[in-house]
Amino acid sequence: MIHRIVSALLFLLLCTPVLNAHADKVGLAVDSLGVDDFAGNDLLLLGAAKAGRTLGIEFQVAEPMRNETPHQVVQRLLDTGCGVVMAGGGEYQNAVRDKALQHPGVRFVLIDAPEARAGRMAKSAGTMPANVTRIVFRQQEAAYLAGMMAGAVEDSQWVGVLFSEPGWESLELAEAFYRGAKAVNPRLALMVRYVSERGPRAVMGAAQAPGQARFIAGEMYDAGCSVILAAAGYSDTGVFQAAARHGKLAVGGDSGLGFQATAHVLTSLDKRMDMAVVMAARLLAEGRLENGEYSLGLAERGVGLTPVSRACDRIPPAILERVRVEADLLAGRGRPAPEWTPAMLAGPSTGLTERNMACH
């Protein structure tokens with residue numbers, strides 16, 4: 001009997017993920033856009049640099065090599081002895097699930113990959129094992145604020161959203177953007193298009209097709225859209241090019257690429273992937289990283305809007321003030337901020353301040 005108890009305890013010890021970041025090398029897998037993408041991957045690397053500097057954690061970064069699958073990228077990190085593996089983006093969902101089942105003694109952190117609710121993604125991703133932690137972003141809160149700005153553009157009749165492909169998360173973002181626009185202009189109509197319309201492309205293919213996005217965005221502007229929310233990954237650059245060509249406006253998605261056409265981009269949705277890495281690393285080091293899901297929104301400073309560009313001179317100052325007030329209300333109404341928020345998310349605020357609501 002005693003032997004069985006001892007054996008059971010040894011099994012639990014061996015199979016329980018080690019939560020001491022100082023004792024483990026932490027792996028960080030970025031998605032197929034690679035480093036220097038001016039988007040989520042660069043923010044992940046920034047977070048790793050911050051965590052390394054403040055917590056003394058050693059990060060091993062891996063980006064997909066030519067023809068390498070997400071499973072192979074994660075396995076490469078495991079082969080280097082990483083006791084913790086962080087991965088950014090939805091393309092790692094299946095790989096993290098499978099490798100977590102094979103390596104119950106390793107802690108996995110999946111960043112910005114919400115659990116799919118229905119359809120192909122839900123069927124493929126499945127329920128995550130107990131040694132996986134998700135960090136997701138309530139980006140619809142920022143989309144609502146951006147929608148208010150879009151709805152205030154003079155002579156607007158349509159606002160649009162361009163995604164890489166259909167999905168429940170896309171619908172939530174479009175609905176929030178449209179609600180914000182209608183809060184300012186109830187007569188507005190919504191137009192939603194997908195880059196994948198122009199051919200049977202995979203998710204990442206549609207997210208890396210700026211030429212297709214430019215063509216579809218041009219059609220949307222010609223059809224009467226005054227502002228388009230670009231939420232199609234790297235394909236967003238095509239929307240910005242179309243906005244410049246047609247003399248119209250755009251709102252950047254989470255790709256952070258809006259700087260390429262600042263005269264035609266009102267603002268961009270800001271998703272703090274760097275803060276997610278820092279938060280996970282600190283909770284890990286303190287032994288407080290829990291299974292399940294952490295959700296970051298305006299209240300936790302996990303999402304927000306980037307500083308508005310000089311294109312905002314087309315928005316009445318009263319509307320900009322209303323957006324700032326609404327941001328404060330949304331942050332206050334958000335779920336209670338966890339105890340780690342002040343320390344974890346210290347740094348420049350991504351909420352709406354006097355500085356980033358001023359026309360540049």
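These questions and answers cover the sheets, a helix and the core of a predicted model. Residues are numbered from 1 along each chain as its sequence is written, and side-chain values use heavy atoms, with hydrogens and water left out. In this predicted model, local features need pLDDT of at least 70 and side-chain atom pairs count only at pLDDT 80 or more, while totals for chains, interfaces and linings use all residues.

Colleague: How many helices and strands does the protein have?
Modeller: Helices (H or I, at least four residues) and strands (E, at least two) are DSSP runs, numbered from the N terminus. On that basis the count is 13 helices and 12 strands.

Colleague: Which strands stand at the edges of the sheet with parallel pairing?
Modeller: Two strands pair if DSSP finds at least two bridges between them. The open sheet of 6 strands with parallel pairing has the order S2-S1-S3-S4-S5-S11. Each edge strand has a single partner, so one side of each is left without a neighbour in the sheet. The edges are strand S2 (59-62) and strand S11 (292-296).

Colleague: Which residue in S2 is the bridge partner of Val26?
Modeller: Strand S1 (residues 25-29) and S2 pair in the parallel sense over 4 bridges. The S2 partner of Val26 is Phe59.

Colleague: What is the strand order in the sheet with mixed pairing?
Modeller: This is an open sheet of 6 strands. Strand S7 (189-194) and strand S12 (303-305) each have a single partner strand, so they stand at the edges. The order is S7-S6-S8-S9-S10-S12.

Colleague: Which residue in S9 stands opposite Val227?
Modeller: Strand S8 (residues 225-231) and strand S9 (residues 249-252) pair in the parallel sense, over 4 bridges. Opposite Val227 in S9 is Leu249.

Colleague: At what angle does helix H6 run to S10?
Modeller: Axes are lines fitted to C-alpha atoms, for helices over the stretch in contact (heavy atoms within 4.5 Å). Angles run from 0 to 180 degrees between N-to-C directions. Helix H6 (residues 139-151) lies across strands including S6 (158-163) and S10 (265-271). Its angle to S10 is about 170°.

Colleague: How many residues has the largest nonpolar core?
Modeller: A nonpolar core is a set of buried Ala, Val, Leu, Ile, Met, Phe, Trp, Tyr and Cys residues joined through side-chain atoms within 4.5 Å. Buried means under 20% relative accessible area (exposed over 50%, partly exposed in between; 1.4 Å probe, protein chains only). Those with the most contacts inside the largest core include Phe59, Met86 and Leu145. The core has 62 residues.
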